[in-house]
Amino acid sequence: MKNIKILSAVVVVAVTFISFKGVQKQKEAEKAEITAIFEDCSIDFEAQLKASLEIGNLDASEIEVVEIEEEVNLGFDTFEYLPLDFDPYAGANLSDIDFEIFEEEEIVELGFDTAAYLPADFDAYAL
């Protein structure tokens with residue numbers, strides 16, 4: 001009976017060690033996966049950093065602008081609906097003088113004097 005108890009205790013201890021060994025292998029596999037992901041990210045980051053530095057050294061004359069003109073088909077001829085002396089480019093040479101911007105500042109009435117609640121040397125526009 002004593003031998004059975006010892007044998008069962010040894011079996012329980014062996015199973016416990018085996019299960020811990022499996023957990024350790026799982027943790028090592030997870031660490032390896034995380035390390036691989038981190039290395040991929042760091043490689044991508046380095047490539048992006050090099051590319052951004054190369055972009056920063058570009059000369060404006062090296063940039064090529066490609067304009068794609070797409071024809072729009074409305075399903076009818078627009079020429080029939082325009083006046084005979086229509087010029088689509090008339091007034092295309094506008095400048096800043098041609099535009100006047102008017103902004104009316106609204107005065108907000110709070111119903112009380114705000115100066116009583118501010119310090120004596122208060123300046124709202126001071127930096």
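These legends accompany an overview and three close-up views of a predicted model.

**View 1. The whole chain, with one helix and zero strands.** We start with the full protein, α1 included, which spans residues 2-56. Of the 127 residues in the protein, 0% are buried. The accessible surface comes to about 13,700 Å², and carbon and sulfur atoms account for 60% of that area.

**View 2. Phe 76 and Tyr 81 as an aromatic pair.** Two aromatic pairs are counted in this model, and here is one of them. The rings of Phe 76 and Tyr 81 sit 5.6 Å apart, centre to centre. Their planes make an angle of 85 degrees, and the pair counts as edge-to-face because that angle is over 60 degrees. Have a look at the surroundings of each ring, too: Phe 76 is partly exposed at 47% relative accessibility, whereas Tyr 81 is exposed, with a value of 62%.

**View 3. Phe 112 and Tyr 117, edge-to-face.** Now move along to another aromatic pair, made by Phe 112 and Tyr 117. The distance between the ring centres is 5.7 Å, and the planes stand at 90 degrees to each other. Phe 112 has a relative accessible area of 48% and is therefore partly exposed, as this value lies between 20% and 50%. Tyr 117 reaches 64%, so this residue counts as exposed.

**View 4. A nonpolar surface patch that includes Phe 76 and Tyr 81.** Let us return to the ring pair of View 2, this time looking at the surface. Phe 76 and Tyr 81 join Val 72 and Leu 74 in a nonpolar patch of about 490 Å². Leu 74 belongs to the segment that follows α1. With a relative accessible area of 52%, Leu 74 is exposed, because the cut-off for that class is over 50%.

Terms used
Residues are numbered from 1 along each chain as its sequence is written. This is a predicted model: local features need pLDDT of at least 70, side-chain atom pairs count only at pLDDT 80 or more; totals for chains, interfaces and linings use all residues. Side-chain values use heavy atoms; hydrogens and water are left out. Rings of Phe, Tyr and Trp (its six-membered ring) pair if their centres lie within 6.5 Å; planes under 30 degrees apart count as stacked, over 60 as edge-to-face and the rest as tilted. Buried means under 20% relative accessible area, exposed over 50%, partly exposed in between (1.4 Å probe, protein chains only). Patches are made of residues with over 30% relative accessible area and no salt bridge: like charges are joined within 9 Å, nonpolar side chains (Val, Leu, Ile, Met, Phe, Trp, Tyr) within 5 Å. Accessible areas come from the Shrake-Rupley method with a 1.4 Å probe; for residues, only the protein chains shown count as cover. A salt bridge is a side-chain nitrogen of Lys or Arg within 4 Å of a carboxyl oxygen of Asp or Glu. Helices (H or I, at least four residues) and strands (E, at least two) are DSSP runs, numbered from the N terminus.
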